[in-house]
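Welcome! Please take a look at the model below, and then read on for a short guided tour.

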Protein chains: 2
Amino acid sequence: MENKPRSEDRRVRRTKKLLAQALTSLMGQKQLKDITVKELTEKADMNRGTFYLYYRDIFQMLESIEDELLSSLNLILDEKLGETPPNERMLIELFEFIRMNQQIMDVLLSSRGDICFLHKLNRLIREKCISIWGITSEREGEFDYNYYFVAFGCMGLVKAWINKGCVDSSERLAKRVNGILEGQLIKRTAT
Amino acid sequence: MENKPRSEDRRVRRTKKLLAQALTSLMGQKQLKDITVKELTEKADMNRGTFYLYYRDIFQMLESIEDELLSSLNLILDEKLGETPPNERMLIELFEFIRMNQQIMDVLLSSRGDICFLHKLNRLIREKCISIWGITSEREGEFDYNYYFVAFGCMGLVKAWINKGCVDSSERLAKRVNGILEGQLIKRTAT
DNA sequence: CGTTACAGTCAACACCGTGTTCAATAATCC
DNA sequence: GGATTATTGAACACGGTGTTGACTGTAACG
C-alpha cells in the first residue's frame, strides 16, 4: 500500500485518502448498499460533487480500492516467487501484507464485505499455486478441485486469523498452512 | 426446497415464486445493487406494490430466499447425521442438494452473489464438522483454523464443481473430499 | 515570487426509484 | 355462492443521484 504515483496533485491524494478512510469506517457500521454518496462525503467533510470527480458510484470506488490492494499484493508475491523453496517465505510475506492492511482486509472479508474481492483473491492465490507447483495447462482442469479447495481454504484460514486479531505470528501461520498441505488436516490433529 | 406450507393462499405462492424466478434470472445478468424493485416486478409481470406486501427491499428478499435454502439443507444434513459413519452419506446428500438447486446456488456463489450467504454456509458446514468430530467447546478455539480451512475449502470445491456444470457424480465428489481430509492434497496428487 | 493551472466549493436543477396510500377488481377458500 | 383476501392501478411526497456553471482557493512551476 501507499504506492500512489507522486505525480498526483497533493489535493487529489488528500481527497481520495479521506474518501477511503470514510468508506472503510462506514463499512464497519453498515452494509455497502446502505451507504450513500451523500453521507460518505459528509463524513469525509467535503462537497458531494467532489466524489464524482473520481468515482462513478460507491461500488466502483470500492472496486478500485480492491484492485489497488491486490496489485500491490501481487507485486510482493512475485518478488518472492523466484526464491527456492518459495512456499515458506511467500506465505510469510502474504500474511505480513494482510497484517499491514488488517482493517480493510477485515471489512472486505466480513459479511459486510464484497464477494467480488473474494473471487479476485481466490484467483490470485490459485495462479500462484499453479506457478509454484508448475502444472501444465492441459492438466490444469484435472486439479481444479484441489486448487479451489486450497485457495478458498487459505482465505478461510486468513478469515479465522483476522477474527482473532492477527495475534498468531505470520511464521506460525505459514507453518500451519504447510502442515495442512502436507496432509495434517482435521482427522489427524483431532485425535 | 418446495417446502412452503400449504396454508398459504395459492396466489401468494404464485407471486413469491414468480418474484424468485425473476430475481434469479436478473442476478444472472447484473449485480444485485443494479436491480430495482421496478424492473423486478416488471419482469415478473406484476404490480410494483405487490412486492412490498412480502419484502422490504431486494436485499431482504434475497436474504429470505437464502435462509429458506439453508434451513432445508440443515434439515437434510441432520437426518443423515445420526448414521455411522456419517461422513460419506452426508457429503453425498450435500452434493445432491446442491445439484437440485444448481441455478440459485450458482448465482449465490458467483461474483454477482452474496457474501452473507457464503458466511452462513460456512457456519453451517463448520457446525456439522464439529458435530461429527465431536470437539468439546473449550478445545474449539484451538481448531478454528482447521475448521475454517475445511469449510471454506469445501465451498471452493463446490464452486469448482458448479463451474463445470456438476458433471462429476456426487459420489465421486464425496470420495474426493474424504481423500483431501485424509491428507491427499496438492503435493501428493501433483507428483 | 508571481502567474498559471486546476482542485474543490456552493447552489441549483431535472430525474427516477422508493415506499405508502386508497378504492376498485379479481381470485381463492370453505 | 358468499365471505375473504390478494392483487391492481393511480397518485403522492420524499430523497438520493448525477450534472451543471460560476466562484474560490491551493498547488505546481519557472
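Helices (H or I, at least four residues) and strands (E, at least two) are DSSP runs, numbered from the N terminus. A residue is near a molecule or strand if one of its heavy atoms lies within 4 Å of it. With that in hand, α1(B) gives the most to the surface near DNA strand D, with three residues.

This is a predicted model, in which local features need pLDDT of at least 70, side-chain atom pairs count only at pLDDT 80 or more, and totals for chains, interfaces and linings use all residues. Residues are numbered from 1 along each chain as its sequence is written, chains are lettered from A and ligands numbered from 1 in the order in which they are written, and side-chain values use heavy atoms, with hydrogens and water left out.

**How the two protein copies are arranged**

- Two copies of a chain are related by a rotation about an axis and a shift along it.
- Here, chain A is superposed on chain B by a rotation of 180 degrees with 0.0 Å of shift along its axis, and the RMSD is 0.1 Å (a least-squares fit on the C-alpha atoms of residues with pLDDT of at least 70 in both).
- The two copies are thus related as by a two-fold rotation axis.
- The copies meet through the same surface, because 100% of the interface residues of chain A are also interface residues in chain B (contact means heavy atoms within 4.5 Å).

**Around DNA strand D**

- There are 18 residues around DNA strand D, and those that come nearest are A:Arg11, B:Thr15, B:Asn47, B:Thr50 and B:Tyr54.
- By class, this surface has six nonpolar, four polar and eight charged residues (Ala, Val, Leu, Ile, Met, Phe, Trp, Tyr, Cys and Pro count as nonpolar, Asp, Glu, Lys and Arg as charged, and the others, Gly among them, as polar).
- At least two residues of the surface near DNA strand D come from each of α1 (10–27) and α2 (37–43) of chain A and α1 (10–27) of chain B.
- Sugar or phosphate holds 65% of the atoms of DNA strand D within 4 Å of the protein, and the rest belong to bases.
- Bases are reached by A:Arg11, with a polar side-chain atom 2.8 Å from a base oxygen of DNA strand D, and by A:Arg48, where an N or O atom of the side chain is 2.9 Å from a base oxygen of that strand.
- On the phosphate side, an N or O atom in the side chain of B:Tyr54 is 2.3 Å from a phosphate oxygen of DNA strand D.

**Around DNA strand C**

- Which residues come nearest to DNA strand C? Of the 18 around it, they are A:Arg11, A:Thr15, A:Thr50, A:Tyr54 and B:Arg48.
- Of the atoms of DNA strand C that come within 4 Å of the protein, sugar and phosphate account for 66%.
- α1(A) provides the largest share of the surface near DNA strand C, with three residues.
- The classes on this surface are five nonpolar, four polar and nine charged residues.
- B:Arg11 has a side-chain N or O atom 3.0 Å from a base nitrogen of DNA strand C.
- Phosphate oxygens of this strand lie 3.2 Å from a backbone N or O atom of B:Val37 and 3.3 Å from an N or O atom in the side chain of B:Tyr52.

**Salt bridges**

- A salt bridge is a side-chain nitrogen of Lys or Arg within 4 Å of a carboxyl oxygen of Asp or Glu, and the structure holds 26 of them over all chains.
- One salt bridge joins the side chains of B:Glu8 and B:Lys16, at 2.9 Å from N to O.
- B:Glu8 is partly exposed, with a relative accessible area of 21% (buried means under 20%, exposed over 50%, partly exposed in between, with a 1.4 Å probe and protein chains only).
- B:Lys33 and B:Asp34 form another, with their closest N and O atoms 3.3 Å apart; B:Asp34 is partly exposed at 35% relative accessibility, and B:Lys33 is partly exposed at 25%.
- In B:Arg99 and B:Glu96, a further salt-bridged pair, the closest N and O atoms are 3.5 Å apart.
- Both B:Arg99 and B:Glu96 lie in helix α5 (residues 86–100) of chain B, three residues apart, about one turn of the helix.
- A network of salt bridges with shared partners joins A:Lys33, A:Asp34, B:Arg56 and B:Asp57.

**A pair apart in sequence**

- A:Asp78, in helix α4 (residues 58–81) of chain A, is partly exposed at 37% relative accessibility.
- A:Asp78 and A:Lys128 are 50 residues apart in sequence, and their C-alpha atoms are 8.5 Å apart in space.

Definitions and conventions: A polar contact is a pair of N or O atoms within 3.5 Å; within protein, one must be able to donate a hydrogen and the other to accept it, and residues adjacent in sequence count only if both atoms are side-chain atoms.
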